[in-house]
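User: Can you walk me through this model? I'd like to go piece by piece.

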Amino acid sequence: MSPGSAFLQFWWTDKTRDTFLSYVPKDDLAVFRLACHDFSVRAAPLLFEELDIVFRASIFTKPARMAALDRIGQHVRTLTFNMPHSPETFLPPLLDPVTGEEATFIYEPYTQSPKDSASRLSVPTYGSWEMTDLLVKQYSPLFHAAANVPSFIRAFSAISNLKHLRIYCPGQEPEQRYRRSIVDYALISLRIAVERSRVTALDTLSLLSVHPGATLYLNPILGFGARPNSVRRWKQIRKLSIRMDSLPFTSSCPADHLKILHSYLQLFSSSLRQFKFRWRGAKGPCPLSLGMETCLQNERPTLACPRRCHLALRPLRFEKLRHMEVENIVLDASQISSFIIGHRHTLREFNFEDTRLRSGTWDDALAPLTRISGSEKWKEKSEEVMDVPLVLSPVGLEEEQMKRVIDDHSRPRSSKPLYGGWQKAGAKSRELFWGTPDHMRKFLRISMFSWL
């Protein structure tokens with residue numbers, strides 16, 4: 001078989017070709033696509049499988065960039081949306097240019113995509129022409145790009161095969177927790193774009209580093225621009241992972257963000273199968289049992305909502321949850337036992353990592369496992385602990401000495417037991433292989449402590 005025919009047989013076999021391309025680095029795949037048209041077509045799905053976007057003012061508006069997204073969007077399976085908090089994303093108060101007083105801005109997303117520029121200019125973007133003129137003059141282009149919902153919809157329509165959406169927006173200062181920033185407007189536009197695009201394959205959502213208020217703007221029920229059918233798209237989510245900035249949860253601190261988080265998790269109660277949550281920073285409450293937190297049970301009614309503010313939160317119940325993992329939390333043993341009992345028919349695996357109990361013991365927390373299994377055999381599965389020998393590399397041995405040690409060790413053994421075989425014949429070999437005390441001191445001085 002000629003080399004050319006052998007290569008064609010390899011290349012036209014889908015399994016071998018795809019396996020080979022999966023091991024090629026992304027930088028090499030980009031160069032590989034320049035060889036010929038067929039190489040370009042075969043490498044494109046692997047090269048553009050993951051797309052990382054850092055949001056800027058012109059990210060979704062440049063025609064050349066959107067044309068490129070139309071060409072590769074069908075291959076995108078994982079999209080990472082990056083927009084860190086920074087001084088550029090901070091929004092100062094709107095000031096009336098005549099009186100100098102703060103102007104009130106009630107945001108309502110403009111979601112209609114204009115057919116031409118004339119029809120676009122006939123409707124104010126932000127409710128009224130006065131408010132639109134005020135925002136254009138006082139806010140940066142990054143704000144208007146974040147509030148440009150049609151551009152987000154246009155971008156997500158090009159990645160119809162999206163399966164995994166990752167959102168990364170770290171860096172919010174604690175004192176800005178109750179102020180809306182450009183990042184929040186971008187999250188609103190992102191949520192609306194997902195709801196109104198045909199991303200039917202989306203089943204995984206990862207909020208890798210978000211501020212506590214992010215779940216308000218990602219909630220299709222409480223969020224801006226929500227419609228009755230907005231929930232349908234988020235019901236597709238089967239895997240949810242959240243890493244949220246920690247916040248105080250004592251009785252003297254407001255619990256608004258915890259209520260918003262509780263409401264957001266209720267959205268996935270009928271579809272979620274895998275859930276992971278971690279507080280970034282100090283330990284926080286368990287997001288799955290916020291209804292049992294004392295800071296929410298003893299909250300005093302406020303003048304704004306005197307009848308509903310003090311009502312207890314409805315317990316979370318996930319109908320199809322199979323895997324659960326929470327990290328860096330503090331809770332009571334009764335909260336864990338209640339969660340296990342409530343999900344005993346579906347839950348297969350749960351993990352409490354870096355968890356501290358305020359009250360009770362772990363035996364109390366895991367007591368429902370005994371009642372469910374009918375015995376205490378699950379307690380017998382203890383951790384396996386073993387001693388792993390540390391083999392140190394010989395230092396200062398010559399090549400001939402090393403060969404003698406290897407030959408002596410690999411020499412066939414007699415079927416009869418040799419008395420003191422290793423003690424007698426291997427005394428010199430042990431000295432050559434493991435070294436003398438001087439050798440060990442030399443090794444520790446040279447290899448282990450060379451950084452001192």
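**Cysteines, helices and packing**

Analyst: Let's start with a cysteine. This is a predicted model. In it, Cys 169 has a relative accessibility of 2%, so Cys 169 counts as buried.

User: And Cys 286, buried or exposed?

Analyst: Buried. Cys 286 has a relative accessible area of 4%, and the cut-off for buried is under 20%.

User: How many disulfides does the structure hold?

Analyst: The count is 0 disulfides.

User: OK, zoom out. How many helices and strands are in the protein?

Analyst: The protein has 21 helices and 8 strands.

User: What share of the residues is buried?

Analyst: Of the 452 residues in the protein, 40% are buried.

User: And what about contacts between residues far apart in sequence?

Analyst: Take the contacts with a separation of 6 or more. Residues 24 or more positions apart account for 79% of those.

User: Switch to helix pairs. How do H2 and H4 cross?

Analyst: H2 spans residues 14-22 and H4 spans residues 37-47. Their axes come within 10 Å and cross at roughly 55°. That angle lies between the 35 degree limit for roughly parallel and the 65 degree start of roughly perpendicular, so H2 is oblique to H4.

User: Left-handed or right-handed?

Analyst: The crossing of H2 and H4 is right-handed.

User: Which residues meet there?

Analyst: From H2, Arg 17, Asp 18, Leu 21 and Ser 22. From H4, Arg 42, Ala 43 and Leu 46. The residues of this contact of H2 with H4 divide into 3 nonpolar, 1 polar and 3 charged.

User: New topic: H15. Which of its residues are buried?

Analyst: H15 covers residues 333-342. Its buried residues are Ala 333, Gln 335, Ile 336, Ser 337, Phe 339 and Ile 340.

User: What do they pack against?

Analyst: Two strands and two helices. The strands are E7 (323-331) and E8 (349-357). The helices are H16 (362-365) and H17.

User: Stay with H17. Where is Ile 372?

Analyst: Ile 372 sits in H17, which runs over residues 367-373.

User: How exposed is Ile 372?

Analyst: Partly exposed. Its relative accessibility is 45%, and buried needs under 20% while exposed needs over 50%.

User: What does Ile 372 touch, beyond its neighbours within four places in sequence?

Analyst: Ile 372 is in contact with Ile 340 and Arg 344. Ile 340 is also one of the buried residues of H15.

User: How far apart are Ile 372 and Arg 344?

Analyst: In sequence, 28 residues. In space, 7.7 Å from C-alpha to C-alpha.

Note on methods. Residues are numbered from 1 along each chain as its sequence is written. This is a predicted model: local features need pLDDT of at least 70, side-chain atom pairs count only at pLDDT 80 or more; totals for chains, interfaces and linings use all residues. Side-chain values use heavy atoms; hydrogens and water are left out. A disulfide is a pair of cysteine sulfur atoms within 2.5 Å. Buried means under 20% relative accessible area, exposed over 50%, partly exposed in between (1.4 Å probe, protein chains only). Axes are lines fitted to C-alpha atoms, for helices over the stretch in contact, and angles run from 0 to 180 degrees between N-to-C directions. Helices (H or I, at least four residues) and strands (E, at least two) are DSSP runs, numbered from the N terminus. Angles under 35 degrees count as roughly parallel, over 145 as roughly antiparallel, 65 to 115 as roughly perpendicular and the rest as oblique. A crossing is left-handed if the near helix is turned anticlockwise from the far one by less than a right angle, and right-handed if clockwise. Contact means heavy atoms within 4.5 Å. Ala, Val, Leu, Ile, Met, Phe, Trp, Tyr, Cys and Pro count as nonpolar, Asp, Glu, Lys and Arg as charged, and the others, Gly among them, as polar.
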